[in-house]
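Student: I'd like to go through this model with you, one contact at a time. Can we start with a salt bridge?

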Amino acid sequence: MEWSIIIDGLFTALEPMNMVWLIFGALLGTIVGILPGLGPATGVAVLIPLTFGMNPVSALILMSSIYYGALFGGSRSSILINTPGDGSSIAATFDGYPMTLKGQAGQAMSIAAMASLFGGIMAIFGFIFLAIPLAQFALNFGPAEYFMLFLFTLSAVVALSTGKMIKGFVAMFAGLAISTVGIDLQSGVHRFTFGVPHFTDGINFIVIIIGIYALGEVLYNMFPKKKGQQPKNDQAIGSKWFTKEQWKRSLGPIFRSGPLGFFLGVLPGSGGTISSLLAYSTEKQLSKRKDEFGKGAVEGLVAPESANSSAAVGSLIPMLTMGIPGSGTTAVMLGALVMIGITPGPLLFENSPDLVWTLINSMFIGNLILVIINILMVGMLIKVLRTPANVLYPIVLVLSFIGAYTLGYSTIDFYLLIIAGLIGLLMRVLDYPVAPLILALIVGGEMEQNMRRASIIYESPQAIFFASPIATTLFFLTLLSLSYPLILKLFKWRKGTGTGASM
């Protein structure tokens with residue numbers, strides 16, 4: 001590693017025009033992340049025409065700043081109105097929105113921004129020292145390994161449903177069932193399309209996310225509420241900055257979840273959704289305050305935010321080192337890079353080290369800028385809570401329908417949105433966990449295809465579990481995650497029995 005190249009990259013990133021594009025991308029990404037249904041891929045795709053004719057370094061800085069800017073912004077709507085901007089922001093609703101209901105919206109947004117900052121910085125250092133080795137390790141993942149990874153993630157998320165695991169399994173299987181809609185990629189058979197051409201490509205999970213969270217939240221709030229279920233009034237909004245106690249509780253989850261998100265982000269196809277949900281599940285299992293999760297535990301907010309931010313940086317590694325997109329957003333970026341004359345691959349680090357190190361330095365600077373932007377926006381965003389319900393909920397509905405329409409430009413998505421909203425309301429009333437359904441819907445298609453490919457390769461479904469050391473490890477982790485709640489309950493019962501006997 002030559003320090004002169006690193007220093008040159010820093011000075012290039014600090015050039016006035018590059019800083020303008022960096023700040024513009026970070027601000028635009030934050031706004032895109034806040035709006036339901038858009039997400040970083042849409043933000044990057046919209047600005048692709050702008051990159052034509054640009055300096056390749058500036059174009060890469062712009063696209064990457066929109067990417068991680070959208071991830072910073074995605075948690076804002078999750079925290080304030082229980083509506084994730086995209087799939088990777090789902091986990092922020094679990095404890096972020098309960099913090100808002102407790103009058104801690106400002107604290108939640110500021111500490112989420114800090115968690116994203118530290119997660120991003122850890123991932124940048126990981127990028128510097130581990131990019132090539134991790135890219136080579138990711139090549140060891142075949143169909144069997146990816147199937148087991150998805151299965152392990154689903155089991156970990158279902159295990160979060162402590163006390164209602166049967167409901168968690170029901171929600172998971174419902175999500176897997178929805179993911180089967182569309183053309184079977186191996187046989188070409190239309191499955192559950194009911195003759196509707198719009199369904200041939202499957203049901204867009206973003207529509208379901210917006211419906212269940214945004215529409216479901218609006219419908220739920222139409223019912224009379226018990227005291228304590230509404231957000232606090234103007235005088236009880238709370239501080240805009242987190243406390244020392246909250247920061248102390250957050251340090252462990254932030255520094256545990258950052259590396260986890262980074263390593264998962266390197267694997268093509270895993271993405272921020274899996275990283276954030278797995279980080280949340282892991283933190284809940286490790287925490288001594290399990291009962292507080294889902295009720296406004298700060299650990300449950302910072303863990304997925306740290307993982308999500310670091311996963312975004314990690315997903316750039318397979319794109320830049322092998323030309324393999326690690327997420328939907330990097331797939332859009334890959335196409336744009338090729339069009340402007342950058343050829344990602346193993347030789348990029350040797351032939352264009354100045355470009356790579358400028359990008360790395362710009363990500364470091366961009367994360368610092370994003371923290372400033374997001375913390376400055378806390379005071380403005382917190383006014384959303386002071387908006388009367390008869391004004392706020394119609395705005396949420398309009399944004400939801402616009403977001404759903406822009407995904408496929410079809411009115412059929414309106415009907416799907418309404419159905420998903422009713423499902424969200426029903427799940428809320430009957431106390432069914434939403435996360436297993438959403439995650440199963442997101443990974444269901446890839447999980448099925450990888451299972452079928454692996455079955456052909458290894459000739460029997462059982463062999464998938466022991467196809468390689470990686471697959472076997474993930475298999476045993478799956479069994480452990482499913483049995484952990486039972487083991488924990490048994491341990492507590494024996495401990496209670498022992499205490500009773502000694503008395």
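Tutor: Sure, and keep in mind that this is a predicted model, where local features need pLDDT of at least 70, side-chain atom pairs count only at pLDDT 80 or more, and totals for chains, interfaces and linings use all residues. Residues are numbered from 1 along each chain as its sequence is written, and side-chain values use heavy atoms, with hydrogens and water left out.

Student: Which residue forms a salt bridge with Arg249?

Tutor: A salt bridge here is a side-chain nitrogen of Lys or Arg within 4 Å of a carboxyl oxygen of Asp or Glu. For Arg249 the closest N and O atoms of the pair are 2.9 Å apart. Arg249 sits in helix α11 (residues 244-266) and its partner in helix α13 (residues 299-322), so the pair ties together parts that are 50 residues apart in sequence. The partner is Glu299.

Student: How many salt bridges does the count come to?

Tutor: The pair Arg249 and Glu299 forms a salt bridge. By the same rule, the count comes to eight.

Student: At what angle do the axes of α10 and α17 cross?

Tutor: Helices are DSSP runs (H or I, at least four residues), numbered from the N terminus. Axes are lines fitted to C-alpha atoms over the stretch in contact, and angles run from 0 to 180 degrees between N-to-C directions. The axes of α10 (residues 205-220) and α17 (residues 389-408) come within 10 Å, crossing at roughly 170°.

Student: So is α10 roughly parallel or antiparallel to α17?

Tutor: Angles under 35 degrees count as roughly parallel and over 145 as roughly antiparallel. The crossing is at roughly 170°. That makes α10, relative to α17, roughly antiparallel.

Student: How many charged residues are in the contact of α10 with α17?

Tutor: Contact means heavy atoms within 4.5 Å, and Ile206 and Val207 are among the α10 residues that meet α17. Ala, Val, Leu, Ile, Met, Phe, Trp, Tyr, Cys and Pro count as nonpolar, Asp, Glu, Lys and Arg as charged, and the others, Gly among them, as polar. The contact has 12 nonpolar, two polar and, for charged, no residues.

Student: And where does pLDDT stay under 50?

Tutor: pLDDT is the predictor's confidence in each residue, from 0 to 100. The protein averages 81, and 89% of the residues score at least 70. Where pLDDT is low, the predicted coordinates should not be read in detail. The stretch under 50 is residues 231-236.

Note on methods
Helix = DSSP H or I, 4+ residues; strand = E, 2+ residues; numbered from the N terminus. Parallel < 35°, antiparallel > 145°, perpendicular 65-115°, else oblique.
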